[in-house]
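Colleague: I am new to this structure and would love a guided close look at one part of it. Could you start from a single residue and then work outwards from there?

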Amino acid sequence: MKKYILTILLISQPIFSELVLEITKGSDNPYSIALINFDGSKTKAYEVMNVIKNDLDRTGEFRILGNKQLLSTPLNEDDLNYSDFKILGIDYIVMGSLKDEDRSNISAVYKIFSVQKESQLRTSTVYGVPKKLKQLAHYISDGIYEEITGLKGVASTRLLYVTEEFSGGLSEFKLNVSDADGSNEQILLKSYEPIISPSWSPNSKQVAYVSFETGMAKVFIQNIATGRREIVLENKFQISSPSWSPNGKFMSLTLYQDGNAEIYILNLKNKNLTRLTNHYSIDTESSWSPNGSKIMFTSGRSGSPQLYELNLKKFNAKPQRMTFEGNYNAKGSYLPNNEGIVFVHRNNNKFQIALKYFNENFIRPLTNSQLDESPSISANGNVIIYAISENETGLLAGVTLSGARFRLPMIKGEVREPSWSGFLR
Amino acid sequence: MFNIQKLANKNLFNLCIIIFLVSSCSSMNVTEETVYDGGIRTVKAAIKEQASLDYKTKAIFTNATVYFEFDKFNLNSKSLQTLKSAVAAMKDNSAIKITISGHADERGTREYNLALGQRRAESVRDYFAINGINENRIMVKSYGEERPISVGSNEASYSKNRRAEIK
């Protein structure tokens with residue numbers, strides 16, 4: 001298997017200094033792109049180019065050639081000689097320029113050309129602020145991705161995750177958001193009690209999570225811009241495992257009020273509860289199908305954790321078992337196109353992230369380390385971010401459905417439970 | 001000829017993507033957009049008021065820890081031995097109330113482990129109940145895999161972490 005490691009040092013950001021991309025296997029037939037250095041301020045253009053390159057590399061769908069690998073590096077269409085690119089097997093050419101308007105405004109214009117058609121496909125302008133140059137670059141990456149693949153990109157989306165830092169005999173837990181590449185980390189919540197199971201509301205303006213700050217597991221909803229937060233349901237029992245319905249009106253939860261973990265649906269407006277499961281074994285980790293008609297959950301009813309599905313549209317429906325391979329299949333989520341599920345699977349004492357398409361009768365392991373968990377699928381359905389454990393610390397890694405793998409840069413403390421936002425752009 | 005199409009105006013801040021589709025012989029996309037600049041506010045969780053939720057132990061005789069097998073919540077003979085003295089202490093003094101917290105090792109998913117920790121705590125509670133202790137004197141909760149006693153990805157640590165603590 002081809003294995004190469006790209007280490008890209010980014011200047012001017014000491015906290016986020018190193019991004020290691022370990023691409024084990026990308027697409028078998030990647031798009032070749034000539035990414036010509038942008039015109040404009042050299043240091044800013046350098047930073048923007050690096051972000052774009054990393055964003056496109058993480059998709060596993062591109063082979064990117066920079067100035068040094070090209071025969072000519074035109075800065076506008078008049079100087080473009082397609083044969084210089086055709087000879088290198090390049091499919092698309094991207095060129096652009098950065099304009100520092102003033103101290104608070106910066107804009108980028110980029111153009112995409114098809115070598116095969118010998119014509120310009122796109123010209124785009126992105127307006128931003130100099131302090132958020134990386135975000136501007138993510139927008140360009142997504143524009144390139146969508147022009148070439150026809151799918152929306154996720155470089156401009158955000159991640160939500162939990163970190164734990166141990167110091168002075170105390171653990172401090174934090175709920176954080178970062179850009180999709182792990183940079184631009186910001187803290188949503190700090191606590192000396194555990195925080196688990198974070199997830200985004202469908203409009204990505206609120207988050208839900210489980211906090212132990214009251215002394216036991218309780219589900220909170222927090223508005224990320226205002227910081228306003230509330231306990232989703234008040235009672236004296238544990239509540240956990242929140243999952244928003246696709247329309248944002250309901251939340252499925254695991255309640256412990258029956259003396260055992262059972263799944264309920266909470267109407268967020270009138271706080272009405274509907275019980276979904278009734279079994280003496282563990283039922284938890286519910287998640288909604290893309291159109292909201294089904295709920296998948298982990299149940300121990302067969303003697304080991306397995307995934308089950310419940311049809312919400314059918315009266316008195318019984319849970320249908322979905323996984324049969326191995327003795328541990330848990331925390332499932334549906335692909336956004338509803339063609340399959342992604343979950344944690346135990347194989348020979350290793351916990352891996354696995355994929356099962358509904359039209360196949362076998363599962364596809366996507367990862368192969370020891371303790372992989374908490375998979376979360378990107379809004380376009382092409383990438384899965386998950387938590388790994390290495391040298392007894394937690395890190396975040398990603399795998400694309402095409403097989404490319406990457407790691408996000410080290411963030412201080414143990415990192416776990418990533419959750420991917422919806423589209424923000 | 002310009003065919004102007006407004007694609008999205010998603011949020012109250014300043015995101016607006018307007019795509020002008022230029023319909024000439026070779027169609028080219030012309031787009032303009034502004035980077036979304038949503039703010040974020042940091043919140044600190046209040047320090048918990050443990051007393052309001054947990055039963056406070058009035059005697060150290062009931063302090064005990066019992067251990068479990070992977071993905072199991074049944075009590076073994078050693079655990080039963082451990083719990084005997086705690087039961088006796090609670091019978092001797094009816095004022096004693098206890099909190100049982102269940103825990104899991106780091107393997108497996110966090111929510112499943114939270115539920116598993118709860119089952120372990122409940123197994124202990126059931127033992128007290130069978131032996132004549134009123135369930136009102138027992139508070140049960142789980143920390144799942146979030147509060148390990150021993151840090152390390154090996155069986156020596158795992159076996160210490162799969163536990164129920166009685167306090």
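**A close look at one lysine and its surroundings**

Modeller: Happy to! Lys132(A) is partly exposed, because 16 other C-beta atoms lie within 10 Å of its own, a count that falls short of the 20 or more needed for a buried residue and above the 12 or fewer of an exposed one. Please keep in mind that this is a predicted model.

Where does Lys132(A) sit along chain A? Its place is in the loop between strand 7 (119-128) and helix 3 (133-149) of chain A. Another lysine of the chain, Lys68(A), is 64 residues away in sequence, and the C-alpha atoms of Lys132(A) and Lys68(A) are separated by 27 Å. If you set aside the neighbours within four places in sequence, Lys132(A) is in contact with Val35(B) and Asp37(B). That takes us to the other chain.

Let us widen the view to the place where the two chains touch. Here 47 residues of chain B are in contact with 65 residues of chain A. On the chain B side, at least two residues each come from strand 3 (28-34), strand 4 (43-44), helix 1 (50-53), helix 3 (110-130) and strand 7 (138-144) of chain B. Helix 3 of chain B gives the most, with nine residues. Sorted by class, this side of chain B has 16 nonpolar, 14 polar and 17 charged residues.

The chains also share strand pairing. Strand 10 (residues 186-191) of chain A runs parallel to strand 4 of chain B, and two bridges join them. If you want a spot to find on the screen, look for Leu189(A), which stands opposite Val43(B) in strand 4 of chain B.

Now for chain B itself. Its secondary structure comes to four helices and eight strands, and along the sequence these follow the pattern β-β-β-β-α-β-α-β-α-β-α-β. Of the 167 residues in chain B, 35% are buried. Among contacts in chain B between residues at least 6 apart in sequence, 62% join residues at least 24 apart.

Helix 2 (residues 77-92) of chain B deserves a stop. This helix has 16 residues and reaches 23 Å from its first C-alpha to its last, close to the 22 Å expected at 1.5 Å a residue. Helix 2 of chain B bends by about 25° at Leu83(B). Leu83(B) is also buried, as are Ser79(B), Ala86(B) and Met90(B) in this helix. What do the buried residues of helix 2 of chain B pack against? They pack against strand 5 (64-67), helix 3 and strand 8 (163-166) of chain B. Helix 3 of chain B is thus a link back to our contact region, where it gives nine residues to the side that touches chain A.

Back in chain A, there are strands to explore further along. An open sheet of four strands has the order 15-16-17-18, with antiparallel pairing. Its edges are strand 15 (239-244) and strand 18 (273-275) of chain A, each pairing on one side only. On average, neighbouring strands of this sheet are turned by 30° against each other, direction ignored. Within the sheet, strand 16 (residues 250-255) and strand 17 (residues 262-267) of chain A are joined by six bridges and run antiparallel. Phe250(A) has Asn267(A) in strand 17 of chain A as its bridge partner.

Another open sheet of four strands in chain A has the order 23-24-25-26, and its pairing is antiparallel too. Strand 23 (329-334) and strand 26 (364-365) of chain A are the edge strands here. Strand 23 of chain A pairs with strand 24 (residues 340-347) of chain A over four bridges, and Asn329(A) stands opposite His345(A) in strand 24.

Our last stop is strand 29 (residues 393-400) of chain A, which is mostly covered: six of its eight residues are buried. Eight bridges join strand 28 (residues 383-390) of chain A to strand 29, and the two run antiparallel. In this pairing, Tyr386(A) stands opposite Ala397(A). The two strands form a hairpin with two residues between them, and Asn391(A) in the turn has a positive phi of about 50°. Strand 29 of chain A also pairs in the antiparallel sense with strand 30 (residues 405-407) of chain A, over three bridges. There Gly398(A) stands opposite Phe406(A). This hairpin has four residues between its strands, with Gly403(A) in the turn showing a positive phi of about 105°.

Definitions and conventions: Residues numbered from 1 in each chain as written. Chains lettered and ligands numbered in written order. Predicted model: local features only at pLDDT ≥ 70, side-chain atom pairs only at ≥ 80, totals over all residues. Contact = placed C-beta atoms within 7 Å. Nonpolar A, V, L, I, M, F, W, Y, C, P; charged D, E, K, R; others polar. Pairing = 2+ DSSP bridges. Expected span 1.5 Å × (residues − 1). Bend = angle between axes of the 7 residues up to and from the residue. Axes fitted to C-alpha atoms, helices over the stretch in contact; angles between N-to-C directions.
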